Protein chains: 2
Amino acid sequence: MSKPSSKASAASKLLRGGLPSVPGAGRRAQFSAATKRALVDVAERLFTEDGYTGTSLDAIVAGAEVTKGALYHHFNGKRALFEAVFERVEGEAVRVIQAAMKAHRDPWDKAVAGLRAFVDVVQQPGYRRVVVQEAPAVLGYEGVREQEERSSLAVVHDLVGQLLVDRDRPVDAGLVATFSRILFGALAAAGEVVAESDEPTDASRRVEIAFGYLISGMQLLREAGVALPTADELAEPDAIADENAADDESDTRG
Amino acid sequence: MSKPSSKASAASKLLRGGLPSVPGAGRRAQFSAATKRALVDVAERLFTEDGYTGTSLDAIVAGAEVTKGALYHHFNGKRALFEAVFERVEGEAVRVIQAAMKAHRDPWDKAVAGLRAFVDVVQQPGYRRVVVQEAPAVLGYEGVREQEERSSLAVVHDLVGQLLVDRDRPVDAGLVATFSRILFGALAAAGEVVAESDEPTDASRRVEIAFGYLISGMQLLREAGVALPTADELAEPDAIADENAADDESDTRG
DNA sequence: CTGAGTACGTACCGTGAGTACGTACCGCAG
DNA sequence: CTGCGGTACGTACTCACGGTACGTACTCAG
């Protein structure tokens with residue numbers, strides 16, 4: 001605790017931080033990072049192929065050509081290794097999606113581009129297996145949410161905020177968050193549909209049409225002057241009755 | 001295979017089936033069913049509390065006051081036991097939801113009632129943990145889908161079919177299926193939002209408003225004459241361009 | 001009453017996650 | 001260059017847990 005070891009580690013950090021222009025600085029650290037990367041690489045492959053419980057640490061360390069000693073030196077255990085894989089896969093997915101959205105400036109165009117990119121991403125076996133299928137059971141729903149909240153869900157949240165926000169109408173923030181999560185779930189399901197389909201092209205078109213239908217409806221509502229309630233309106237029950245009026249109209253129709 | 005044992009089991013089945021008015025018939029079989037139920041009961045509790053890998057078979061058999069011999073007599077293994085728990089939880093959920101929808105006849109009212117019931121169901125820890133969180137990793141995404149396809153997803157599918165179908169307009173069946181899956185994913189996410197929230201009442205209202213917004217948009221589209229493409233229209237690219245026209249309008253707006 | 005079959009109980013094995021400890025190597029003070 | 005502290009591993013072991021093989025008591029038809 002009170003040992004000067006902390007001083008030494010701080011010195012090494014300063015060294016690496018202070019000499020970024022010398023790539024040869026810290027050969028030791030570079031080798032270390034290489035084995036760590038190798039472990040994550042192999043783990044990502046095996047977790048994707050055989051799932052979490054389906055892959056043994058022995059298989060991972062064998063693939064990375066190291067031993068369990070190395071693994072437990074870099075990670076606290078199997079969960080931690082999986083988490084590292086998860087973060088990598090998730091991060092890469094967000095990068096791809098954001099890149100696809102960057103090409104557009106109109107929020108609705110961004111939405112469509114993001115939708116397509118997301119559907120593509122979910123088709124990748126790594127994302128499907130690690131993030132969608134295994135992560136909830138391994139890291140728990142809470143842990144997955146925390147990660148997604150500052151990555152893929154954040155992207156959706158920003159987008160939904162841009163879509164729903166009205167100039168002089170501060171839509172309830174909680175409602176925007178709820179909408180984002182719902183849309184996120186819808187997106188994940190859409191991706192699953194495409195990923196499972198034996199004809200991804202047709203499936204993608206169906207997905208885009210379905211989302212286009214939903215989005216068109218939202219646009220129509222907006223043009224018709226039907227807006228989501230603000231935080232103030234949410235507090236008073238009148239706002240909800242007002243909102244439900246749209247539903248009740250259909251009763252007279254059928 | 002060719003042994004007369006099959007004859008005996010058939011006889012016992014005939015016995016139980018032919019004498020339903022005598023509850024004492026087959027005391028042996030009744031005890032057997034009781035222990036099986038006890039195993040599923042305890043397993044459901046422990047799986048819900050500690051997850052799949054978090055609960056050992058020893059804990060389950062201890063809770064049911066039997067031994068592993070009994071467990072492996074009734075189930076092929078841990079997975080099979082989990083599957084039995086899964087089917088029970090899922091079946092119960094469907095029962096509740098269908099009961100809630102039965103009270104209404106208008107499809108839109110049914111939708112709202114089903115939505116509320118589903119949101120309630122997903123709040124239950126058993127459904128959350130077993131069906132939503134653990135099942136994909138344990139049974140695989142395929143297995144879960146097969147189960148849901150003939151239970152909760154089927155309910156949504158029927159409902160969506162009623163909502164989207166036009167009198168003389170046979171909307172593409174694949175599109176209805178896609179829509180159902182997307183909505184199902186949205187519902188699951190909505191349930192999660194409510195389940196995680198520390199103020200479920202407010203969260204439920206937000207969820208209902210969000211879905212109400214989406215549904216209202218769909219109703220408006222329908223009233224405006226915008227319909228989903230039929231199977232024929234889906235085949236020719238013109239139909240898609242026609243459908244996307246609704247999106248492109250917004251480009252001129254912003 | 002008796003043999004066959006069921007419904008368990010008991011004892012054991014293999015696998016795999018995690019741990020304790022040894023060690024070789026690097027980088028630095030002297 | 002030379003000990004020396006610390007890092008980056010390797011090795012050997014433990015223990016929990018899923019699964020299996022086999023023994024046994026009880027039941028029930030004939």
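Here a visitor asks a guide about the surfaces near two DNA strands in a predicted model.

Guide: Some ground rules. Local features need pLDDT of at least 70, side-chain atom pairs need 80 or more, and totals for chains, interfaces and linings use all residues, with side-chain values from heavy atoms, leaving out hydrogens and water. Residues are numbered from 1 along each chain as its sequence is written, chains are lettered from A and ligands numbered from 1 in the order written.

Visitor: What makes a residue count as near DNA strand D?

Guide: One of its heavy atoms must lie within 4 Å of the strand. There are 19 residues around DNA strand D; A:Arg28, A:Thr35, A:Thr67, B:Leu57 and B:Lys68 come nearest. Of the strand D atoms that come within 4 Å of the protein, sugar and phosphate account for 65%.

Visitor: Why is the pair between A:Thr67 and DNA strand D called a polar contact?

Guide: A polar contact is a pair of N or O atoms within 3.5 Å; within protein, one must be able to donate a hydrogen and the other to accept it, and residues adjacent in sequence count only if both atoms are side-chain atoms. An N or O atom in the A:Thr67 side chain is 2.5 Å from a phosphate oxygen of strand D. That is within 3.5 Å, so the pair qualifies.

Visitor: How do you know that B:Thr55 qualifies too?

Guide: Its polar backbone atom is 3.4 Å from a phosphate oxygen of strand D. The limit is 3.5 Å, so this pair counts.

Visitor: Which helix gives the most to the surface near DNA strand D?

Guide: α4(A), with 4 residues. A helix here is a DSSP run of H or I, at least four residues, numbered from the N terminus.

Visitor: What makes 5 residues of that surface charged?

Guide: Asp, Glu, Lys and Arg count as charged; Ala, Val, Leu, Ile, Met, Phe, Trp, Tyr, Cys and Pro as nonpolar; the others, Gly among them, as polar. On that basis the surface near strand D has 4 nonpolar, 10 polar and 5 charged residues.

Visitor: Now DNA strand C. Which residues come nearest?

Guide: A:Leu57, A:Lys68, B:Arg28, B:Thr35 and B:Thr67, of 19 around strand C. Near this strand, α4(B) gives the most, with 4 residues.

Visitor: What makes B:His73 a polar partner of DNA strand C?

Guide: An N or O atom in the B:His73 side chain is 3.2 Å from a phosphate oxygen of strand C. That is within 3.5 Å, so the contact holds. A:Tyr72 also places a polar side-chain atom 2.9 Å from a phosphate oxygen of strand C.

Note on methods. Helices (H or I, at least four residues) and strands (E, at least two) are DSSP runs, numbered from the N terminus.
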